[in-house]
Amino acid sequence: MPRSFFNKVLLIWALFCTQVQAQDTLAEEGYSARAIVTAGFTSGGDTLVDVEFEGGDDDQIKAGGAFLFGFGVEFLAADRRSAVQLSANYHFDSIDAENGEASFERYPLEAILFGVRERHRFGAGLTVHLSPTAMVKMDGAGRDSINFDPAAGLILEYDYLVMDHLWLGTRFTLINYKKESHFGSVSFDGNHIGLMAHFRF
């Protein structure tokens, strides 16, 4: 098997072990844990796919779009002035047409440290996007795809506590997607802004 396959397996295993260890450490330090469900809409980044329809309209898939769903755990400090949010997510965008389809999907793992002030929280954290894949399928032309390397990025986020169980906010994510091969490399800017909702139980 290629070395890149083993590198990806080791990366995924390391991230899983890191999140498990982080949860145990936070629990030991007195942080209370609550499950969360996350949803978001994001926009930005370079154009990956440009689709033109018969009527003259067009649509694009960008490296920073568009829909994000996930789940995880929020650890809140005893003094309620700081929190750590760990989550696993699915981030995707797609276009469907009569003669084909296109999509871009990836699986972000996120760890964000928040400072909490009453109903406001400001956070910064890290994200790793696993299996970023852009795909185009056209009738009569077959299927083509680019499997990017795992990508690491930075998250900055502000949220407002609308009610006891719901945070609404906005975020900026700084990330690039790259594909290395024997023929060279390609890179796409995946930086994006997003509207976020975090529901905690």
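**Exercise 1. Find which residues have the most contacts inside the largest nonpolar core.**

Solution. Start with the term: a nonpolar core is a set of buried Ala, Val, Leu, Ile, Met, Phe, Trp, Tyr and Cys residues joined through side-chain atoms within 4.5 Å. Buried means under 20% relative accessible area, exposed means over 50%, and partly exposed lies in between (1.4 Å probe, protein chains only). The largest such core holds 13 residues, and Leu48, Val49, Ile61, Phe104, Ala134, Phe148 and Tyr177 have the most contacts inside it. Next, look at the strands (DSSP runs of E, at least two residues, numbered from the N terminus). Strand 2 and strand 6 (100-117) each supply at least two core residues. Strand 2 gives the most, with 3 residues.

A word on the model: it is predicted, so local features need pLDDT of at least 70 and side-chain atom pairs 80 or more, while totals for chains, interfaces and linings use all residues. Residues are numbered from 1 along each chain as its sequence is written, and side-chain values use heavy atoms, leaving out hydrogens and water.

**Exercise 2. Locate the nonpolar surface patch and place leucine 156.**

Solution. Patches take residues with over 30% relative accessible area and no salt bridge, joining nonpolar side chains (Val, Leu, Ile, Met, Phe, Trp, Tyr) within 5 Å and like charges within 9 Å. A salt bridge is a side-chain nitrogen of Lys or Arg within 4 Å of a carboxyl oxygen of Asp or Glu. Leu126, Leu154, Leu156, Phe172, Leu174 and Ile193 make this patch of about 550 Å². Leucine 156 lies in strand 9 and is partly exposed, at 42% relative accessibility.

Key
Helix = DSSP H or I, 4+ residues; strand = E, 2+ residues; numbered from the N terminus. Areas by Shrake-Rupley, 256 points an atom, 1.4 Å probe, with all protein chains shown as cover.
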